[in-house]
Amino acid sequence: MLFFFFHVVLCSVLAQASGDPCRCSTVPSKGVRMDCSSQGLTAVPHLQASVTELLLQNNLLTSIPPGHLDTLEHLQLLNLSGNPFHCDCRILYLRQWLKRSRAVCVRAVCASPPELAQRPIEELTDAQLPSCVSEFCSGGLYNAILCVMLCFLIGLLLWCMQLARNSTFILGIDVRHIGFEAESLRSRKPKHAARMRCSFGSLSPGADDMDKPLLNMDILPQILDVLHKQHNIKIKVP
């Protein structure tokens, strides 16, 4: 009881400080009631999270701002009767809140446009709000265009990769590479140099060995054929 009394006092002080004409009181076994009925309100006043009953009937409310009712976790009763709600895209938040809330809502109906008059806000469908559906479709069309462009770029990348794979490369073996020395490939580390001297000393190749080709020329046509068919590489000979 002391808990509810504290929140009633806090609610009343905040209402007076902000100029809200709402009245706060305690309801036995129910909690804090915030009575803002018949005050000519055009906007929902500041609400305390501890409110269990909210009376907003007979005002001039045309919509509820998004997120304005999300803090009312203890709300059990909401009275919205007698308000001229205009059911357009701005009513979507209230429709979704009414669908997921466990609070009892009294008479939340549309006053305009004429084709939706007296329709319960909670029961409105997307087909009854064509302008909101059009906006949603516009956003969906934008996302669809982005997806198409992304797929086109991915397809272009794959096509470029396939084109590069199927391209033929010509390698000219008769071109002399100027400025290239075999000594530049040898390691400068002493242990590697000693190992190389040992290897060359044990092999002791003669002059005849140096004149022998490193590749068996009999299988050269087969090698060229494999390079051309499997790797699209042509060897250009003089």
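This is a short talk on the pocket, the salt bridges and a few backbone details of one predicted model.

Hi everyone, and thanks for coming. Please keep in mind throughout that we are looking at a predicted model.

Let's start with the pocket. The largest one has a volume of about 200 Å³. Which residues line it? One part of the lining is Leu69, Asp70, Leu72, Glu73 and Leu75, and the other residues are Trp97, Arg100, Ser101, Arg102 and Ala103. If you sort that lining by character, you get 5 nonpolar residues, 4 charged ones and 1 polar one.

Two of those lining residues, Asp70 and Arg100, deserve another look. Their side chains form a salt bridge, with 3.1 Å from N to O. Where do the two partners sit in the chain? Aspartate 70 belongs to the loop between β3 (51–55) and β4 (77–79), while arginine 100 belongs to helix α2 (residues 92–100). They are 30 residues apart, and the pair links distant parts of the chain. Is aspartate 70 buried or exposed? The answer falls in the middle: its relative accessibility is 41%, so aspartate 70 counts as partly exposed.

That brings us to salt bridges in general. Side chains of opposite charge can pair when their charged atoms come close. How many salt bridges are there in the whole structure? The search finds 5, and I'd like to show you two besides the one at the pocket.

The first on my list joins arginine 95 and aspartate 126, again through their side chains, at 3.3 Å from N to O. Arginine 95 is in helix α2 and aspartate 126 is in the loop between β7 (110–112) and α3, so this pair ties together parts of the chain that lie 31 residues apart in sequence. The two ends have their own surroundings. Arginine 95 has a relative accessible area of 8%, so this residue is buried. Aspartate 126, at 46%, is partly exposed.

Threonine 125 is worth a glance here too. This residue also has its place in the loop between β7 and α3. From threonine 125 to arginine 95 is 30 residues in sequence, and their C-alpha atoms are 9.5 Å apart in space. Threonine 125 is partly exposed, because its relative accessible area is 37%.

The next salt bridge is between arginine 90 and aspartate 88, whose closest N and O atoms are 3.3 Å apart. Arginine 90 has 49% relative accessibility, so it counts as partly exposed.

Now move along to isoleucine 91, which lies in the loop between β5 (85–86) and α2. Buried or exposed, what would you say for isoleucine 91? With a relative accessibility of 0%, isoleucine 91 counts as buried. Its C-alpha atom is 7.9 Å from that of isoleucine 121, and those two residues are 30 apart along the chain.

Here is another contact of that kind, this time involving a strand. Arginine 33 lies in strand β2, and 22 residues separate it from leucine 55 in sequence. In space, the two are 7.8 Å apart, C-alpha to C-alpha. Arginine 33 counts as partly exposed, since its relative accessibility is 29%.

On to the backbone. Most residues other than glycine have a negative phi, and most peptide bonds are trans. With that in mind, here are three places to look at.

Which peptide bond is cis? The one from serine 112 to proline 113, with omega near -5°. Proline 113 sits in the loop between β7 and α3.

Then we have serine 38, with a positive phi near 55°. Serine 38 is in the loop between β2 (31–35) and β3, and its relative accessibility of 49% is why it counts as partly exposed.

Arginine 107 also has a positive phi, of about 50°, although it is not a glycine. You'll find arginine 107 in the loop between β6 (104–106) and β7. It is partly exposed, with a relative accessible area of 48%.

Last stop: the surface. Leu150, Ile154, Leu157, Leu158 and Met161 together make a nonpolar patch of about 510 Å². To find the patch on your screen, start from leucine 150, which is in helix α3 (residues 130–166).

That's my tour, and I'm happy to go back to any stop.

Note on methods. Residues numbered from 1 in each chain as written. Predicted model: local features only at pLDDT ≥ 70, side-chain atom pairs only at ≥ 80, totals over all residues. Heavy atoms only, no water. 1 Å grid on protein atoms, 1.4 Å probe; cavity = no way out; pocket = protein on both sides within 12 Å on 5 of 7 lines; lining within 4 Å. Points joined across faces, edges and corners; volume = space filled by probe spheres on them. Nonpolar A, V, L, I, M, F, W, Y, C, P; charged D, E, K, R; others polar. Patch = residues over 30% accessible without salt bridge, like charges linked within 9 Å, V, L, I, M, F, W, Y side chains within 5 Å. Areas by Shrake-Rupley, 256 points an atom, 1.4 Å probe, with all protein chains shown as cover. Salt bridge = Lys/Arg side-chain N within 4 Å of Asp/Glu carboxyl O. Helix = DSSP H or I, 4+ residues; strand = E, 2+ residues; numbered from the N terminus. Buried < 20%, exposed > 50% of the residue type's maximum accessible area, 1.4 Å probe, protein only.
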